[in-house]
Each structure stands twice: as C-alpha cells, then as structure tokens.
Amino acid sequence: MEDPFDSERASLPRNMIENSMFEEEPDVVDLAKDSTAFPALEPDEVVYEPRSSRLLVRGLGENDLDDEEEDYESSARLLGMSFINRSSTHNPSSSPYNRQAPPRLCSCPSARMLVVGVFILVLVASMAMALYFLPGCTFTKAGCGKANSSTPMEPSYPNSTNGELFPWNEIRLPASVRPVNYDLSLTPNLTSMTFTGRTVINMTILHDTKRIVLHSSELIITKATFQVGEDKSVEVKVLEYKPWQQIAVSFLEDLKVGQVCVLTLDYAANLSHTYDGFYNSSYNDKTGAKRVLAATQFEPQAARKAFPCFDEPAFKATFLVRITREPGYITLSNMPQAKTTTLPSGLLEDEFEQTGVNMSTYLVAFIVANFTSITRNVSNTLVSVYSVPEKKEHTHYALDTASTLLHFYNTFFHIDYPLRKLDLVAIPDFLAGAMENWGLITFRETSLLVGNQSSPLDKQLIANVVAHELAHQWFGNLVTMRWWNDLWLNEGFATYWQYTSLMTEFPQLDLGNVFLGVRFKALAKDSLNSSHPVSVSSQVTTPEQVSEMFDSVTYEKGASLLLMLKTTLPDGQFRKGLIKYLDKYRGSNTVTEDLWNSLTQAQMLPQQESVSDMMRTWTLQNGFPLVTVSRKGGHVTLTQEHFLLSADNATHTSNLWHIPVTYVNDSCSSAPSCRQIFTLRNKTATLNVSDSVKWLKFNYMNTGFYIVHYGDEGWATLIDALKTDINTLTPHDRASLIHNIFALSRLGRVSFRQVLNLLDYATNETETAPLTEALSQLSSVYRLLDKRQEQRLVARMKVYIWGHFGQLMDSQDWGEEESVSKQELRSVLLEMACSLGRQNCTDQATALFDQWTNSNQTKPIPGDLQRVVFSTAAQSDLRWLSLMEAYSSTTYDSEKRKILQALASTQDPQSIVWILSTGLEGGIIQTQELPLVISTMSDGFAGHLLVWDFVKENWDRIIEKFPVGSYPIQSIIKSTTSQFSTQTHLEEVQGFFSNLKERGSQMRSVQEALETIRLNQLWMDRNLPTLRIWL
Ligand SMILES: [Zn+2]
C-alpha cells in the first residue's frame, strides 16, 4: 500500500505453485524458535481437555493437539461409541473421510448408531457441563485452579458464538490445512448495500487434523458443506469465534495427510461502510446525481470481511471470481474477464479467468462500478486506466507512466509481469494512497488522475504512486513476506523502487531530492525510543499490531537501508542479488534472512564482510548510529553509539552496527569517484588519512543511515570550506550537514549557536535540497515557539529568516516554471514567506488569486503555486467563501486537494470547527481527507488547540472510520500532539490516551507522541536562553 498523507511531498505457472512454506514438514524445534513461521502453540500454552479424568500438558504443534483429540475419540470408543463405518477404510476406492463425518451428518446412519451416538454426545456434554459448573472453575487459560491445583498448566479453548467450545486457541491459523483454490461467487446489491456470496475452497491436508480453521468477519454463514475426495458432500456445522475473526469446522476423526477436501460456504453480509473489506462508495456525477459503486480493500486483514478464507499472507492459493451485476455497471477483478452469462433474473454474471499464479488473500480485489477506461498494450500485457466517466481525460498521464515503468521493471528484474492485463483504477472514496492488488491496482483519485496541463510537480506525485504500486507486483505480489512482521520486504522495496525507477526513467521529475527528504524523515522517527526494528521479532499478531507495521520505519527506513546497501556493494551486484532473490522465491513467501542470503551469495562486501552480517545489525535492532569523528593529524578516530533522543538520558543501549562509512575530503569532494569507504564494526576504529587533508565530510550524499558529529573543530573547518566555496560539496552533502547539525542540537551535542553558525553559509545557497532542509528545520522551531506563545522570539525568528532567505524569497518568479526542482524550491520558499506574512509574497499571491477568480478560473495559477496562492487567499473571509465554491465545483483532483488544504489553513475558529465536523461526516468533504485537514490545521496557531479538542471529543467516531493503529490514526495523533512542549499538555495527552484502553492506549504512536512532547520540553529548556541571545 501507499500511504496517502505524506504525498505533499500494490504468476506463476501452475506447475510452479509449490509454496516453500508447505514443502517441508514443520519441524517442532523450528516452530519453537519461530512462532511466526508456522502458527503453533507456544511451549507454555495448553489445550483445554474436556474431561476431568485426564489433563495433559501440551507441547508444541498441531500434532499434539491432534493427539489430544485422538485421545478423546479413543475414550469414546471405549465407551461403546461406534458411529463410523470402519470398513470403508479397507475400500481403496473410497476416502477414509467417510468415517469422519459427525454422526448427525452421516449419510446412512443406522437407528442403533444414532441412539449410541446421541447417548455418547449427551454423556460428553454432561461431563463438560459438570466441569464447567465446578465451583470457581472457569475456562480460562489458568484453567480450573481449585479443582486441579496439582496440575501445572491446563489447556483452554474459547467459547464459540453458539456456546460450544471453539476448537482452536491461537490468533494465527493452524498449519495443518492448505488452501489450493478459491472459487468465489458474489452478488452485490448496490441498492440495499448488501451482498451474498458462495466460496468454494479446495484444500489439501498437510497434517492429520480434526479441524479446519479459517477467517471470517461480519459474514453470516447460511450453509456449509464439506467433501473429501470424490465422496458425497455433507452439510457441516460452522463454529465462530468472533474476537479472532475465525470460523471452524470440527470432525470426529482425522482428516489425513494428503487428502483433498472441498469446503463450500454460503453467506450474506452488508457492504462495508468503512474503507476496508467489500465496501460501498459513491460520488456525484456531472448532473449532480449520486452514483454508487462497490470496491475492495483487503490489506492487511480484510479479505475475511468479503469471503471466508485463510487470511494470512503465507496461505497462497489460486482464485476464480464471479460477480453478478446490473447491466449499467462493469465489474473488474485481478484477472481478465472470461465470459458473461445472463441470469434468469436479468442480471449479468461476469466470470474471470482463474489466476495462473498463487497469491495471498490480501491481494484479491474486485470492483462493481460504471467506470470507463483507456488502454494500451505493453509487451504481452494490456494496461488500462479506469476512472469515473467524467474524469476520463485525466487518465492519460497515468497510462503513459505505467506503460513506461512496466517495461522498465520487466527488463530490470528479468521476470516479466505475469498477468495478461494490468488495471489502474481511480476510486472516488479510498483511504490509502493506493493498493497493489495483483492486476487491479486501486488508487485515490488524487494519486492517479491528473490533467495534461497540470504541473510537473503534480505529475511527480502520480508517477511516485504508480511506480510504488507497480514495483509491488514483484516485491509483495510475486514474492511475499511470510508474515506482517517482515512487511518491510514489501514496503521497503516498493518505496526504494518508486524513487529508483523514476530517477532512471523520468530524471526530469527530480526524485533524488524527494528520496533524500524521505531518509531524513525516517531518521527522525527512528531516533525515538518508541521506534521498532525494521524486521520485527516481537509479537505482531493483533489487528492493531499488524496495522501499526504500516509506518515510516517499514516504508522509509526500509528503503533507506536498501539504498545504503546498494551504494555499498560493487556496481551491479545489488541488482544481481535481487534477481536471484526474485527468481528463487517467486510464488512463495520469505523472511528477511532469505533476502540477505540471496545477496550474500551474489557478492562479498569490502573488507570480507557478508551482506547478512552487516544487514542484520540494521534490520534486527531499532535505531541507528551516531558516528563521532575526532582527528589528530593523520589519525581519524571514529566512534559509534546509538543515536537515541531521550528526555531523561536514562536509556542507553549498547547496540553496535556494521557501518559502511563513506567519506570525501577537500582534495576530491563532489564527484562520485571521490568517495572512499571504511567499515566501522566496533565501537571505535581509526582511519588514517594524509596530514595534508584539511577536512573530511562523511556519509557522502547521505546515502548511509547514520548521523555524523565532527566535533567543534571538524564543524568549524567544514563551515569555513562552505563559506569559501559552496560548491566544494554536493547539494545533498550540504543538506546532510544541515540535517545532522539540527539533529545533534536536538540530542544536546551541539548548541543552537553552532546550528546558526552553519546556517550562515546558506545566505549563498540556491539549491533545492539544502534550502528545503534548512527551511523545514527552521519552520519546525518556529512552530514550536509560536505554539509556546513566545511572541518576541517568534518575531525575531522571522527577522532571522528574512535576513537569511528574504532576498531569495522576493526574487522568485510567479509565472510558469518547467523545472521540477525549481518548482519545489519556490513553493517551499513562498509557502514559508506567505505563511509568515511577508508582504511581497502575500501581495503577489492575492493578485494571482483575484485574477483567477475574476477570469472565471480561465487564467490558471501554476500548479506548484496553487497551494501558496489558495492558502494566502483563505485568510480573508470573502476569498475563503469563493474558495469553498471552487472546491465544490472543481473536478481536478490535485487542485481540489490544494483548495482543501487552503480552506483548512484558515485562522477563523468557526470555519475550523465547520470543516472538521463536515470532514468527519463525509459528503462535501470526504472523510478520507480528514487526516489531511487535521494535519494542516495543527500547523496553524488558531487550529492546533481546536483540532486537539475535536480529536478528543470525537475519538470513537474517528476510530470507526480509521482503525486503531492504522496510518491515518498514526498521522492524526502525530499532527495533533507533536507541537506541544509543556508539562500541562504532556499530562493531558497522557491522561487522554491512557483512558482509552483497548480503543488506542497501546499504540506505538501514543508512545511516540509522549516522547516527542517530552523532547520538545527538553529542547525548550535547553535552547530558549540561547535563542534569546542569538536571535
Ligand atoms: Zn506499498
């Protein structure tokens, strides 16, 4: 998936379907070590034994559970239970399953068997009830302590919805059954907003088992039948355990290894009103009429809301989809349409080809809508872009970009995209930025549609999202992480490729600067104690924990680490290793170590280090290193420590990284060939350079994921060098110095005076990357002071900014500009100038806005300047109203989003409250935009307290729309709290979230928010005196 909130700135031949996960018998020892590899019982977990006569302590794995069931059954036999025709096992033509159906479902039960069966059932039920009603005894994990105090551990099964014991007690599914193919038939009703479905699951039995457990959420199962091999199918009872969204079918005798079974489930459900599962969406067409549609969003765990399934990424299978529709609609799914049948009801049923590839459930998708499309052939794939009919003209850029990138990836990865078609679909109401469903990528309209006349900066955003989702067709869809703890294998790669592919294929889009900004962002998040390793070894099981994996560490740190590795390996070796990885694991699932092994086989690193040894230090521990440089003549000592921002200075870790330290010096400093490399594995090491070297700059182009401190002398020589000749370092190296010194100031290693000393060089700076970094750092300091109501300092800070950058701001051109880099620069400069009220800027912006409205919008505003122009205009009541009108009427999505940001930037409290409540309700302002509205308002002085109140007041409604832990919730928490810097606010935030309990108190983003406020407090304490002197 692509997260949508940082945009300002988703086949194998059938004979290759063997999934490595299923090839080998799970080893009990391995299961103990890696509980995420296979769903298995932890050593300390036990299974409820429904007889008081015998309580077993259970060990690991599925087979143990079955032993227990076996034991249960053999006891029943001893009691005279004989409801199964055992002779069938001697008949080679019949499946052993005949004897396994529950008695009530036996195809021809004799009267005697029925009587005995009923007797046994009554007996067993009585024993279970007797146990249940033992005084003080409950079916908890702790078991019935009073009755069995001598038993160290007791098993526990939860109760199903109908009160019977549910036959499984893990949130992860058992590994005993493997789905092979799903046959899905869906009949959505876009009037009643409901749907019915039939799911036929073909599966094979991997280990003897008496149960089939799978996922289902909010589905009403109306009928279930089960068939083994060629036997007659029989109706079976489905048990449901809602808290874990599981259903199960139990059998009295084992399903045997190697058996092929078919489970058929008929069900009904409502189309979802949130943004996941099979959900309904609507939009108003050009006549103003409301048009409805239905679409899906399954990642990470919502396929179970549309059809019962084994909803874990490692349970890959093939899919055949059929959807019923009314004649005015079209349907889309992962595969090309195979045929359409007219049903007696007059409805049409579209059937899609069966997938030729094995895929995870979260990648299944289908849509019923009245969309239109444009298409093009690229190699053997038909690429199409779909939108609502009135936006067809906005689809061309996406088609061009997708076609170019599909060709690029086909060639680069040495594996062709495996499907015959690739659809990119713009969905009017869609929460994520986009979703990489195989063959049917879904997007927000703002992430896919752009007018031909739109600015290159608008196109950059579209290209970014398309490049990310196309990369997923290999990294994610073809090779999938085994479990969500390694989500970075999907998202880190897709993020890395989105920049890398565009830098190669569309150099004019200037993605290098964007990628640099992304690395800075990842460093910021990873410097907190609340961060997590890229590859998470701790528990990631609950839906909230899975949702929280979709964060900046997974995406952006993941991508940054891949860049570091790529630039460390000899030319071409990174690609060679990845091709090997994709080829070896195509169609299956991987863990992080599989990637490192593929790359290690490809090449050794300098200094005989293996990729695996180096990269484990980066992916298995959180945080990143600070490298401190001290120099005595030709001896340069490098020391590493964990760069951990901590308000109490109490948390120090002994983490060490294998750091590929790169450096350049004054004699050769800007060309790539100047770069030298040294691997720092220990706490300290010494590097020898010539005495004549005047200065050293480490982390060339900031491709390494670490921060460097040069010491007082080192910083001084670098500042001198920049003041003498700004071009002695590359723009990215200059940005790197600015970033590093601000970070060190936050860590308390340099004073703010040293920060300002470095920034003095920037009066001569004209390049986008360093200026963007300087302005964004200064603006976050400015906002903190502003929110603390340090008015004198705020005024002096403005004077400081005018002094250093005012001239550059005033010299910006307001006409059309072709260079993306220049567009980025001027939008950053002007947005800051106008938001701080620089007259020259506000006058120009207002004039452009008035020209636009007076000409009835025929005199366009350059796309990159729209945000600053609209936001400036929004500060006047009259212009705010005319913007509101423009917001309702415009069909250009990128323009619409900028208008919304402008509307949200108002300082009028009543307008702020109106926008927030309208955004939460949906309609005029779509609910999907609420996180953007909230983050825009939080930056403003008037909005930041109002918006925090709004979030507190409406928390329950907000989490109905955006699930706890999801990216929108992370964004909302961060933007509303990250500018607090007082004890009062700290306590308030702490109090609010701790009272939420299961409604959000456990989120990592809450920890992050609290840490950030404490760090802001600390920063203020340390730096306010300096600022008063130096500003
Ligand atoms: Zn993604």
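Q: Are Phe166 and Tyr241 buried or exposed in this predicted model?
A: Phe166 is buried. Tyr241 is buried too.

Q: Why is the pair of Phe166 and Tyr241 called tilted?
A: The ring planes of Phe166 and Tyr241 stand at 35°. Stacked needs under 30 degrees, and edge-to-face needs over 60. The angle of 35° meets neither, so the pair is tilted.

Q: What makes Phe166 and Tyr241 count as a pair at all?
A: Their ring centres are 5.8 Å apart. The cut-off is within 6.5 Å, so the two rings pair.

Q: Why does this pair tie together parts that are 75 residues apart in sequence?
A: Phe166 lies in the loop between helix H4 and strand S1, whereas Tyr241 lies in strand S6, so the pair links those parts.

Q: Why is the pair of Trp618 and Trp657 called tilted?
A: The centres are 6.3 Å apart, and the planes are at 50°. That angle falls between the limits of 30 and 60 degrees, so this pair is tilted.

Q: Where do Trp618 and Trp657 lie?
A: Trp618 is in helix H13, and Trp657 is in the loop between strand S24 and strand S25. The pair therefore ties together parts 39 residues apart in sequence.

Q: Why is Trp618 called buried?
A: Its relative accessible area is 0%. Buried means under 20%, so Trp618 qualifies. Trp657 also has 0%, so Trp657 is buried.

Q: Which ring does the charged end of Arg575 sit over?
A: It sits over the ring of Phe412, 4.3 Å from the centre.

Q: How many aromatic pairs does the structure hold?
A: It holds 55.

Note on methods
Residues numbered from 1 in each chain as written. Predicted model: local features only at pLDDT ≥ 70, side-chain atom pairs only at ≥ 80, totals over all residues. Heavy atoms only, no water. Phe/Tyr/Trp six-rings, centres within 6.5 Å; stacked < 30°, edge-to-face > 60°. Helix = DSSP H or I, 4+ residues; strand = E, 2+ residues; numbered from the N terminus. Buried < 20%, exposed > 50% of the residue type's maximum accessible area, 1.4 Å probe, protein only. Lys NZ or Arg CZ within 6 Å of the ring centre and 35° of its normal.
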